[in-house]
Amino acid sequence: MDSTISVSKGCFVFKKPNKERNKKKSKSKKQLTTNQPEAELWHTTFIDIWNRVKSKIDDLTGSIYSKFISETVDFLTTSNITTNQYIPTACLLTGVNLPDHESLFGLLATNLEKSQPPVIVATLFSEHFSSVKNAVISMVSQLLNPNDDESDSDEEMDESLNCVVKRSECTISTLIEWYSFQPTGTRVAILIKDYEMCQQTVLQNFILLLSCYIKEIPIVLAIGIATSISNLHNSLPHHVVTKLKVKMFVSEASVVFLNNIMDQVFLRPDCSFYLGGHILEYVTEVFLYYNFSIKQFIESLKFCLMEHFYLKPLNCICVAHESAQEALFDSLDKKTLEEITKLRSTNYKLKIDNNFKETFFQLIVKLKACIDDFHIGLRVLHVLVVDLPHSPLGTQLREMYSTAMKKHIIDDPSFKTCLQLLKFLSKDDLLAKFDKIIHVFKNIKNNKRTKTALKLVQNYVKRLEESHLNNLVIVEDKFQDKPKGNLQAISRSQFKRKLVDNVKLEDTRSMTEFEKARSETLDHLTEVILRQFLVPPTTMPLNELLIFDDLSSIKRKIVGEDRAAQYTAFVNPQHYLDCDCCALEFTEQIFKTMPDISIVYKLHLESRFDQINIYDWLQKFISIVGPDQNDDDNDNDIDPVLQSRFVRAVNELQHLGYIRPSKYKADHVQRLTCGSC
């Protein structure tokens with residue numbers, strides 16, 4: 001639907017934004033967050049934890065992008081610009097994660113501006129390539145106004161241009177004159193973010209135009225490509241490609257960013273926000289199957305963090321500093337304390353008595369200790385099974401975390417498969433894994449259980465090193481002492497089972513010292529170390545206060561179902577408004593207290609045809625909202641307020657895509673949905 005065409009044929013005014021007023025608003029918001037009352041404990045806790053998480057993510061993102069950005073900047077700043085009209089062009093293969101391109105190009109522009117020799121940057125998007133003239137104007141305006149942010153709207157763009165140069169003067173000749181006053185060696189970098197979405201004919205002419213002025217202005221290009229480098233050669237003709245000196249730069253895949261963020265930020269015991277197995281599995285599936293966007297993945301985790309602390313003082317107390325926990329706990333009312341006893345993990349066994357406060361903090365300390373041990377055991381498990389054939393437990397730490405949070409992973413059939421594969425490892429491979437495990441334990445401090453486990457692993461290594469590969473040892477089967485059973489059986493399956501058991505009883509096989517040591521060592525490691533360290537924290541009391549695993553509360557919010565939400569809001573507005581005046585006994589009911597758009601939507605559902613008469617529709621609306629208006633059939637006596645309310649509701653339905661103006665009858669609209677869709 002066009003932005004200025006609607007059923008009402010109204011007049012629309014587009015106001016230019018007031019930048020000074022927006023700056024004042026932003027300052028006032030900062031002042032409101034400085035002095036927060038005690039009632040906003042959850043918000044203070046949320047901001048504090050998220051700032052720490054965000055700083056770690058920013059540092060990690062910068063380190064991952066550092067090589068990619070540095071190589072691109074070196075090429076754009078040091079490549080030789082000849083007089084043969086060749087434009088140095090960096091093709092950035094960034095993948096299909098389009099929401100992340102903006103942050104990547106922003107980081108590239110920042111590094112280019114800080115480089116030596118100086119580089120002045122202009123960033124162009126697909127909307128700028130509606131024509132060559134528009135692309136040149138956008139480029140020149142950004143280069144001549146490097147301190148002003150580029151705006152998407154035409155009005156803001158015109159406002160930013162008027163303060164420096166007129167729109168008619170944004171030409172290449174103006175750019176050449178401006179460049180003559182720049183320091184020697186200054187380069188001009190043009191970043192084209194979304195290459196595939198640009199109009200190719202316009203882009204071709206734009207590149208040819210730039211190549212004509214390469215002698216006067218040292219121009220370099222950086223083109224973001226989401227697919228493959230072959231798309232550049234297939235879309236641009238030969239005479240355009242020959243004007244470019246292309247070098248390809250490949251960014252890390254989005255999955256690499258995902259794994260690093262989870263391993264180094266969220267799946268660590270020092271992180272104050274712990275995800276449940278179901279939540280982590282769901283947000284990962286959304287990332288892998290919907291958008292491949294790290295930015296949206298981080299926003300999903302941010303929403304989970306906010307949902308975990310929103311109006312939940314108990315959750316905030318658990319992550320607060322030990323010096324402030326008792327004071328915060330004493331400020332809770334009895335109703336909040338009763339919520340602790342109703343948690344599923346306590347199984348109604350926790351009662352409010354004189355020792356309730358002491359018991360609560362003891363359980364929290366045990367839960368945090370269990371979480372610390374769980375992360376240690378998870379790292380050890382990851383070292384053992386990460387490179388096994390077919391990866392029964394997966395290759396990433398997040399995959400094992402999701403499985404281990406749901407149930408004890410030692411009892412999982414996939415782990416038993418891993419244990420069987422580990423018993424086929426060579427001596428060198430097994431010792432290498434144990435060396436990594438020792439390194440994991442040595443990095444943990446102030447943990448008694450870790451020190452004990454470290455001594456056991458060192459004993460395992462010593463025994464494996466002393467075992468010989470050629471010395472045979474006869475190992476008797478554990479079933480050997482049992483008497484043989486009678487082979488008489490009622491059914492064929494029972495006969496087969498008894499026959500196999502008798503074969504096991506007679507089974508004696510020879511093993512080397514290393515094979516015996518390997519088998520016993522892995523079994524002992526599993527039962528003594530892994531089983532104790534990998535106890536799921538979700539089985540501990542009060543785990544709901546520290547671990548967020550409420551999938552039902554965020555599932556429909558992270559991946560929104562727009563049409564379903566709209567239908568629910570129109571048919572039953574009480575679902576969102578939570579008011580008594582709109583309570584329905586059955587779905588078809590219509591009350592005048594409902595929002596106008598809900599009434600109009602329900603009336604439009606009653607039509608059996610695709611074409612709806614607007615006048616009849618209006619009369620039905622008035623009969624519900626203002627029944628006194630139906631006493632007189634004269635159209636001139638219709639209350640203009642009711643008529644304007646009806647027109648506004650109809651416009652909203654048209655904006656949402658439920659109706660559109662009819663092509664056949666001026667006083668009708670066409671219905672675009674069927675039934676309750």
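**Exercise 1.** In this predicted model, work out which strands helix H27 lies across and at what angle it runs to E10.

*Solution.* Start with the helix: H27 covers residues 614-625. Next, look at what it lies across, and you'll find E10, E11 and E12. Finally, take the angle to E10, which comes out at about 60°.

**Exercise 2.** Sort out the order of the strands in the open sheet, then say why E10 and E11 each have one side without a neighbour.

*Solution.* Step one is the order: the three strands run E10-E12-E11, and the pairing is antiparallel. Step two, check the edges. Strand E10 (611-613) and strand E11 (659-661) sit there with a single partner strand each, so one side of each has no neighbour in the sheet. Step three, the twist: going from one strand to the next, it averages 35°.

Now zoom in on one pair. E11 and E12 (residues 668-671) are joined in the antiparallel sense over three bridges. For Pro-661, the bridge partner in E12 is Val-669.

**Exercise 3.** Over to a loop: is Thr-346 buried or exposed, and what does Thr-346 touch?

*Solution.* First, place the residue: Thr-346 belongs to the loop between helix H15 (334-341) and helix H16 (356-385). Then check accessibility. The cut-off for buried is under 20% relative accessible area, and Thr-346 has 7%, so Thr-346 counts as buried.

Next, the polar side: a polar atom of the Thr-346 side chain lies 2.8 Å from the backbone oxygen of Leu-343. Last, skip the neighbours within four places in sequence, and the contacts of Thr-346 are Ile-340, Thr-341 and Leu-542.

Terms used: Residues numbered from 1 in each chain as written. Predicted model: local features only at pLDDT ≥ 70, side-chain atom pairs only at ≥ 80, totals over all residues. Heavy atoms only, no water. Helix = DSSP H or I, 4+ residues; strand = E, 2+ residues; numbered from the N terminus. Buried < 20%, exposed > 50% of the residue type's maximum accessible area, 1.4 Å probe, protein only. Polar contact = N/O pair within 3.5 Å; in protein donor to acceptor, adjacent residues only side chain to side chain. Contact = heavy atoms within 4.5 Å. Pairing = 2+ DSSP bridges. Axes fitted to C-alpha atoms, helices over the stretch in contact; angles between N-to-C directions.
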